[in-house]
Amino acid sequence: MNPAQSPPPVDVITSLEDLRGDLARRHPATTTTSDAVDPATVAADLSALERDGYVVWENLLTLDECEQLRGALTPFLERTGRNTFEGQRTRRAYNLLEKTRACDALVEHPRVLALLDRLFLPNYLLSQLQAIDIHPGEHAQMLHHDDGFYPIPRPRPPLSAATMWAIDAFTEINGGTVVLPGSHRWGSERGPAEADVRTAMRMPAGSCAFYLGTLWHGGGANRSTGARLGVTVQYCEPWLRPQEAYTLATSRETARTVSENVRRMLGYSIHPPFMGAVDGMHPKRLLDRPV
């Protein structure tokens with residue numbers, strides 16, 4: 001160091017409260033792009049989530065956009081489920097960010113980010129992105145809630161949230177997602193009962209359902225003669241382990257290519273004080289190095 005230069009300032013840590021700051025702050029923090037959504041719209045969406053545990057937005061995608069997504073995803077829909085939960089007549093494609101850029105706009109849709117920004121701590125993570133193609137003859141999926149594998153007793157705030165994008169229209173007979181309104185408020189001892197109201201989502205192609213990780217739901221039975229294609233995007237709090245290990249499954253080249261929103265959700269971010277650091281530094285510094 002040049003003697004004329006002053007040494008960098010030293011952070012003095014004297015309490016746990018001090019550790020809530022970003023100790024890897026040398027790399028600029030990033031913010032989401034959800035400010036374009038009308039606050040009144042966000043408030044209405046949050047009210048529906050609080051009441052029912054889910055909200056449905058119709059026609060966020062055009063039919064042309066749905067067909068483009070179908071064309072991009074179909075080559076990856078080669079493998080059927082490995083068990084009855086995944087579905088023996090259901091084709092699934094995982095790790096889509098590494099395979100195609102077609103779903104990026106779904107991951108970071110402003111209407112979705114506006115809710116996530118209010119539900120979770122900053123730098124929440126992408127937990128899963130997959131295409132689900134339910135074919136005729138598939139049985140109804142076991143009812144579940146998406147953050148049930150985190151061993152934290154209910155009732156509690158959601159630890160995750162998900163979207164289900166309807167590439168085909170969702171109906172009561174073609175495998176439309178079945179939800180139990182209000183079940184996001186249940187305690188750990190409560191599970192679905194025969195008397196509980198079950199609602200099959202009916203959504204035109206291009207619609208999106210947003211639901212909390214505490215909501216009981218499941219894929220419906222497909223009693224129709226055609227397949228039903230959907231794309232689900234799941235997110236979680238920044239201090240939790242995602243379902244898909246994106247820092248392993250996604251190449252640095254892909255991380256350099258995607259938007260700042262998506263890059264942050266892949267794990268190129270810091271949850272204060274230093275969760276997610278690499279060699280003591282902000283993980284985005286990895287992208288400045290040769291592969």
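# A first look at this predicted structure

P273 is found in the segment after α8, and the peptide bond leading to P273 from P272 is cis, with omega near 10°. That is one local detail of a predicted model, and this briefing gathers several others. The protein chain holds eight helices and ten strands. Of its 291 residues, 50% count as buried. Among the contacts with a separation of 6 or more, 81% join residues 24 or more positions apart.

**Helix α1 and its surroundings**

- Helix α1 covers residues 39-52; at 1.5 Å a residue its 14 residues should span 20 Å, and the end C-alpha atoms are indeed 20 Å apart, so the two values agree.
- Which residues of α1 are buried? They are V42, D45, A48, L49 and D52.
- These residues cover an arc of only 120° around the axis, so they sit on the same side of α1.
- The other side of α1 has exposed residues, namely P39, A40 and E50.
- The partners that the buried residues of α1 pack against are β1, α5 (110-119) and β8.
- At the start of the helix, a side-chain oxygen of D38 comes to within 3.1 Å of the backbone nitrogen of A40.
- Just after the helix, G53 has a positive phi of about 90°.

**Helix α2 and its surroundings**

- Helix α2 runs over residues 63-73, and its buried residues are C66, L69 and L73.
- Seen down the axis, the buried residues of α2 fall within an arc of 60°, so they line one face of the helix.
- D64 and Q68 are exposed on the other side of α2.
- The cover over the buried residues of α2 includes α3 (96-99), α4 (104-107), β4 (125-134), β5 and β10 (228-236).

**Aromatic rings**

- How many aromatic pairs does a search of the whole structure find? The search finds four.
- One of them joins W57 and F210: the ring centres are 6.0 Å apart and the planes meet at 45°, so the pair is tilted.
- W57 belongs to strand β1 (residues 54-57) and F210 to strand β8 (residues 208-212), so this pair ties together parts that are 153 residues apart in sequence.
- Both W57 and F210 are buried.
- Another ring has a charge for company: the charged end of R190 sits over the ring of W186, 3.8 Å from its centre.

**Two buried residues with polar contacts**

- D168 lies in the loop between β5 (160-166) and β6 (178-179). Is D168 buried or exposed? With 16% relative accessibility, and under 20% meaning buried, D168 counts as buried.
- The side chain of D168 reaches the backbone nitrogen of L229 at 2.7 Å.
- Apart from neighbours within four places in sequence, D168 is in contact with R70, A205, A227, R228 and L229.
- T232 is part of strand β10, and T232 is buried, with a relative accessible area of 2%.
- A polar atom of the T232 side chain lies 3.0 Å from the backbone oxygen of T163.
- Beyond neighbours within four places in sequence, the contacts of T232 include Q128, L129, Q130, I132, A162, T163, M164 and Y211.

**Backbone details worth finding**

- Most residues other than glycine have a negative phi, and most peptide bonds are trans.
- The bond from R154 to P155 is cis, with omega near 0°, and P155 has its place in the loop between β4 and β5.
- N59, in the loop between β1 and α2, has a positive phi near 60° although N59 is not a glycine.
- D279, likewise not a glycine, has a positive phi near 55°.

**The segment after α8**

- D279 has its place in the segment after α8 and counts as exposed, at 68% relative accessibility.
- D288 is also found in the segment after α8 (260-265), and D288 is exposed, with a relative accessible area of 59%.
- How far apart in space are D288 and R256, C-alpha to C-alpha? They are 9.2 Å apart, with their positions 32 residues apart in sequence.

Methods. Residues numbered from 1 in each chain as written. Predicted model: local features only at pLDDT ≥ 70, side-chain atom pairs only at ≥ 80, totals over all residues. Heavy atoms only, no water. Phe/Tyr/Trp six-rings, centres within 6.5 Å; stacked < 30°, edge-to-face > 60°. Helix = DSSP H or I, 4+ residues; strand = E, 2+ residues; numbered from the N terminus. Buried < 20%, exposed > 50% of the residue type's maximum accessible area, 1.4 Å probe, protein only. Lys NZ or Arg CZ within 6 Å of the ring centre and 35° of its normal. Expected span 1.5 Å × (residues − 1). Arc of directions from axis to C-beta. Contact = heavy atoms within 4.5 Å. Polar contact = N/O pair within 3.5 Å; in protein donor to acceptor, adjacent residues only side chain to side chain.
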